[in-house]
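I'm opening my notebook on a structure that is new to me. Let me put it on the page before I write anything down.

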Amino acid sequence: MLKERVLSADEDTYLYKMAEDCGHLIRKNGLLQTQVLEASRQLSMEKQLREEENTSYSRWVSELISRKEEEGCLEMQLTYLKTLLWDSRQRVLKAQDKVISLQQGNESADKSEHSFQSQLRDLERRHSSIQLENSKLQTEKMHLVEYVSNLHKQVCSPPSPVYCPNKQACKFTHCSK
């Protein structure tokens with residue numbers, strides 16, 4: 001009977017110790033499960049943030065490409081207008097030459113001279129309006145170049161920092177720690 005009591009006491013001690021160990025394991029398991037859930041939540045948030053950054057960057061790149069295309073169109077228009085201006089200047093020079101030769105002519109040429117001078121004034125007015133339009137286009141081009149330069153600076157600047165709640169475990173170099 002004494003042997004049975006000793007065995008029963010040993011068995012009780014063993015069972016108590018097992019129950020205590022099970023309790024510790026259950027608490028550790030619960031803590032680990034909480035940590036796994038928190039890590040999963042943080043991973044999901046970081047993934048969503050990365051997707052938002054990629055979407056924003058893609059939108060920005062598309063806009064930059066669009067602005068570059070607009071700039072190319074404006075440069076072609078400017079080239080076309082410069083060609084028109086050059087043509088107009090050539091016509092003005094030719095008209096001036098005709099006026100000079102008519103002035104050296106006779107009296108009947110005086111009537112023609114009046115007509116040519118009228119044409120010359122018209123050309124000069126057109127030339128003036130083309131120069132004004134050219135000036136406006138040059139100003140617009142300058143603004144576009146400045147805008148593209150600013151966009152380029154934004155592209156070249158480092159991305160904004162991202163808040164990471166677990167600063168030591170953060171794997172992203174651009175996070176604010």
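How many residues apart are Glu38 and Arg41 in helix 1? I looked it up: the two are three residues apart in helix 1, so about one helical turn separates them. Before going on, I note that this is a predicted model, where local features need pLDDT of at least 70, side-chain atom pairs count only at pLDDT 80 or more, and totals for chains, interfaces and linings use all residues. Numbering runs from 1 along each chain as its sequence is written, and side-chain values use heavy atoms, with hydrogens and water left out.

**Entry: overall layout**

I started with the whole protein. I found two helices and two strands, in the order α-α-β-β along the sequence. My helices (H or I, at least four residues) and strands (E, at least two) are DSSP runs, numbered from the N terminus. Helix 1 covers residues 2-103, and helix 2 covers residues 107-156.

Next I checked burial. Of the 177 residues, 16% count as buried. I call a residue buried under 20% relative accessible area, exposed over 50%, and partly exposed in between (1.4 Å probe, protein chains only).

The accessible surface of the protein is about 14500 Å², and 57% of that belongs to carbon and sulfur atoms. These areas come from the Shrake-Rupley method with a 1.4 Å probe; for residues, only the protein chains shown count as cover.

I also looked at contacts, meaning heavy atoms within 4.5 Å. Among those between residues at least 6 apart in sequence, 67% join residues at least 24 apart.

**Entry: salt bridges**

Side chains of opposite charge can pair when their charged atoms come close. My rule for a salt bridge is a side-chain nitrogen of Lys or Arg within 4 Å of a carboxyl oxygen of Asp or Glu. By that rule I get three.

Back to my opening pair: Glu38 and Arg41 meet in a salt bridge at 2.5 Å, N to O. Glu38 is partly exposed at 32% relative accessible area, and Arg41 is partly exposed at 40%.

Glu70 and Arg67 form another salt bridge, with the closest N and O atoms 3.5 Å apart. These two also sit three residues apart in helix 1, about one helical turn. I have Glu70 as partly exposed at 34% and Arg67 as partly exposed at 27%.

In helix 2 I found Asp122 and Arg125, whose side chains meet at 3.9 Å, N to O. Three residues, about one turn of the helix, lie between their places. Asp122 is partly exposed at 34%, while Arg125 counts as exposed at 53%.

**Entry: a charged residue without a partner**

Which side chain of opposite charge is nearest to Glu71? It's Lys68, 4.1 Å away, and Glu71 has no salt bridge although it is buried. For charge I count Lys and Arg as positive and Asp and Glu as negative, leaving out His and the chain ends. Glu71 is in helix 1. Skipping neighbours within four places in sequence, I see Glu71 in contact with Val145 and Val148.

**Entry: around Lys82 and Asn134**

Lys82 is in helix 1 and is partly exposed at 42%. Not counting neighbours within four places in sequence, Lys82 is in contact with Asn134 and Gln138. I also checked Lys82 against Gln131: they are 49 residues apart along the chain, and their C-alpha atoms are separated by 9.0 Å.

Is Asn134 buried or exposed? Asn134 is buried, at 11% relative accessible area. Asn134 belongs to helix 2 and touches Leu78, Lys82 and Leu85, again leaving out residues up to four places away in sequence.

**Entry: a surface patch**

Tyr14, Leu15 and Met18 form a nonpolar patch on the surface, with about 310 Å² of accessible area together. My patches take residues with over 30% relative accessible area and no salt bridge; like charges are joined within 9 Å, and nonpolar side chains (Val, Leu, Ile, Met, Phe, Trp, Tyr) within 5 Å. Tyr14 lies in helix 1 and is exposed at 52%.

**Entry: cysteines**

A disulfide is a covalent bond between the sulfur atoms of two cysteines. With a cut-off of cysteine sulfur atoms within 2.5 Å, I count zero disulfides. I noted Cys73 as partly exposed at 43% and Cys156 as exposed at 54%.
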